[in-house]
Amino acid sequence: MMPAMNARSPFRLHARSSECPARRGEVHTRHGVFQTPVFMPVGTQATVKAVTPEDLRDLGAEIILANTYHLFIRPGHELIRDLGGLHRFMNWQRPILTDSGGFQIYSLRDLAKITEQGAAFRSHLDGSKLFLSPEDAVRVQEALGSDIMMCLDTCIPYPASKEETLQATELTARWAGRSRAAQNRETGQLLFGIVQGGMDRDLRARAVADLVETGFDGYALGGLSVGEPTEMMLEITEHTAALLPDDYPKYLMGVGTPENLVESVCRGVDMFDCVMPTRNARNGMLFTSNGRLVIKNSEYRNDSRPVDESCTCYTCRNYSRAYLRHLYMAKEILANHLHTVHNLHYFIGLMQEMRRAIEVDRFAEFRKNFYAGRNTAAEGN
Ligand SMILES: [Zn+2]
């Protein structure tokens, strides 16, 4: 094992691929260590939908993500703080990352107004007027007690003009400086900066330089997977990840498909989150080593095989495709649970496989086998 590279960083490097920028490491937080590359299941409303924290532990989840915007609106960060913080509130004692709310506000941008001071927006629940400054976002995340906090940022739509991209990128950098200044360093919570810059390589480089000058505990690539072509997303990921300091965690927000996870690890990314495994599970779309399986398809009506014959998850050990299809067609809520268990097992297992491949320096071989097993050409993208 290589020694710690930077005592001020929460990141420790274990191994590097000699074939690509992929790296194997760990991140230290006040609720323990998680191994990277890592996939963080999304627990938007202080719950990963349809599974318990015990399920998550059994599945090998080491860190989850919760959404500041949603918890700020309901039930409120002060209530959660008064009840002992988010870990106690939801009964999860491993690390939690909270996003800043920037992406949700971006998603609701018809209801939002961004100014130098912060984001004014309306609650999607009751339409009430709310305001979140960069300082507020830090304060809310401190009240929630998450282990990794994210700076409030301004996400840039795709496509966007150079001028719009420049202004949003510079505003995000100023907000990042204000976030760092507002942070209470006594809590031991980590704060990550978010690199914007749209699809412009020069602006991405400027955004990295600005954030590094302020100095954060980790760096996230924001504003990707917002509708741009996959090749562009991967190109900007590769470009930006290479510019980020090597001794800090690198987090690609909101990505993505199994294919994009493999490609982004290969480009040097350490951390990921996405609603895909959990949301698609509830829609009856299951991930397997052979590609995707849509459980409602009539071909599974009397199929006695498990979802994935090579999968060792609770669902695949105990239930047939025919049974899962029946539950789904009958709208039984158990389908949500069993499908979510399987999909999270797949995503978490995929990251475990990638970590092992980097450790033994066989990432290229892993990647080749990953694509060789998949059943449609479209999934190679
Ligand atoms: Zn399974």
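## Helix H6 and the turn after it

In helix H6, the buried residues are Pro134, Asp136, Ala137, Val138, Val140, Gln141, Ala143 and Leu144. Helix H6, which spans residues 134-144, is therefore described as mostly covered, because eight of its eleven residues are buried, and a residue counts as buried when its relative accessible area is under 20%. This description, like everything that follows, rests on a predicted model. A general point helps when looking at any such helix: an α-helix has 3.6 residues a turn, so residues three or four places apart point the same way. Directly after H6 comes Gly145, and the phi angle of Gly145 is positive, near 80°.

## The zinc site

Which residues coordinate the zinc ion? The donors are the SG atoms of Cys311, Cys313 and Cys316 together with the ND1 atom of His342, at 2.1 to 2.3 Å. The arrangement is tetrahedral because the four donor atoms subtend angles of 100 to 115° around the zinc ion. Along the sequence, the donor residues follow the spacing C-x1-C-x2-C-x25-H. Cys313 and His342 link distant parts of the chain, since Cys313 sits in the loop between strand E16 (291-294) and helix H12 (314-318), while His342 belongs to helix H14 (residues 334-359), 29 residues apart. Both Cys313 and His342 are buried.

## The eight-stranded sheet

An open sheet is built from eight strands in the order E4-E14-E13-E12-E11-E10-E6-E5, and the pairing in this sheet is parallel. Strand E4 (38-40) and strand E5 (64-66) are found at the edges, where each has a single partner strand, so one side of each has no neighbour in the sheet. On average, and with direction ignored, neighbouring strands of this sheet are turned by 25° against each other.

Within the sheet, strand E10 (residues 148-150) pairs with strand E11 (residues 190-195) in the parallel sense over three bridges, and the bridge partner of Ile148 in E11 is Leu190. Helix H14, which also carries the zinc donor His342, lies across E4 and strand E14 (271-273) and runs at about 160° to E4.

## Two hairpins

Strands of a sheet pair through backbone hydrogen bonds, either parallel or antiparallel. The antiparallel kind appears where strand E2 (residues 23-29) is joined by five bridges to strand E3 (residues 32-36). In this pair, Gly25 has Thr36 of E3 as its bridge partner, and a hairpin of two residues connects E2 to E3.

Strand E15 (residues 285-288) and E16 are likewise paired in the antiparallel sense, here over four bridges. Met285 stands opposite Val294 in E16, and a hairpin joins E15 to E16 through two residues.

## Nonpolar cores

The largest nonpolar core contains 72 residues, and the members that touch the most others are Leu86, Met354 and Phe363. Helix H14 gives the most to this core, with ten residues. When residues up to four places away in sequence are not counted, Phe363 touches Ser17, Glu19, Cys20, Ala22, Val262, Val265, Cys266, Met354, Ala357 and Ile358. There is also a second, separate core of 19 residues, which includes Leu13, Val42, Leu65 and Leu97.

Helix H13 (residues 321-329) has its own set of buried residues, namely Arg321, Ala322, Leu324, Arg325 and Leu327. These buried residues of H13 pack against E16, H12 and H14, and just after H13 the residue Lys331 takes a positive phi of about 55°.

## Two residues to compare

Is Thr237 buried or exposed? Thr237, found in helix H9 (residues 230-243), has a relative accessible area of 0%, and because buried means under 20%, Thr237 is buried. Leaving aside neighbours within four places in sequence, Thr237 is in contact with Leu221, Leu224, Leu252, Ser264 and Val269.

Arg122, in strand E8 (residues 119-122), has a relative accessible area of 37% and is therefore partly exposed, because this value lies between the limits of 20% for buried and 50% for exposed. The C-alpha atoms of Arg122 and Leu111 are separated by 5.6 Å, although these residues are eleven residues apart along the chain. Not counting residues up to four places away in sequence, Arg122 touches Tyr69, Leu111, Gly127, Ser128 and Lys129.

Methods: Residues are numbered from 1 along each chain as its sequence is written. This is a predicted model: local features need pLDDT of at least 70, side-chain atom pairs count only at pLDDT 80 or more; totals for chains, interfaces and linings use all residues. Side-chain values use heavy atoms; hydrogens and water are left out. Donors are N, O and S atoms within 2.8 Å of the metal (3.2 Å for Na, K and Ca); water is not among the atoms, so sites may look incomplete. Four donors count as tetrahedral if all angles lie between 85 and 135 degrees; four count as square planar and six as octahedral if opposite donors are over 155 degrees apart and all others between 65 and 115; anything else is irregular. Buried means under 20% relative accessible area, exposed over 50%, partly exposed in between (1.4 Å probe, protein chains only). Two strands pair if DSSP finds at least two bridges between them. Axes are lines fitted to C-alpha atoms, for helices over the stretch in contact, and angles run from 0 to 180 degrees between N-to-C directions. Contact means heavy atoms within 4.5 Å. A nonpolar core is a set of buried Ala, Val, Leu, Ile, Met, Phe, Trp, Tyr and Cys residues joined through side-chain atoms within 4.5 Å.
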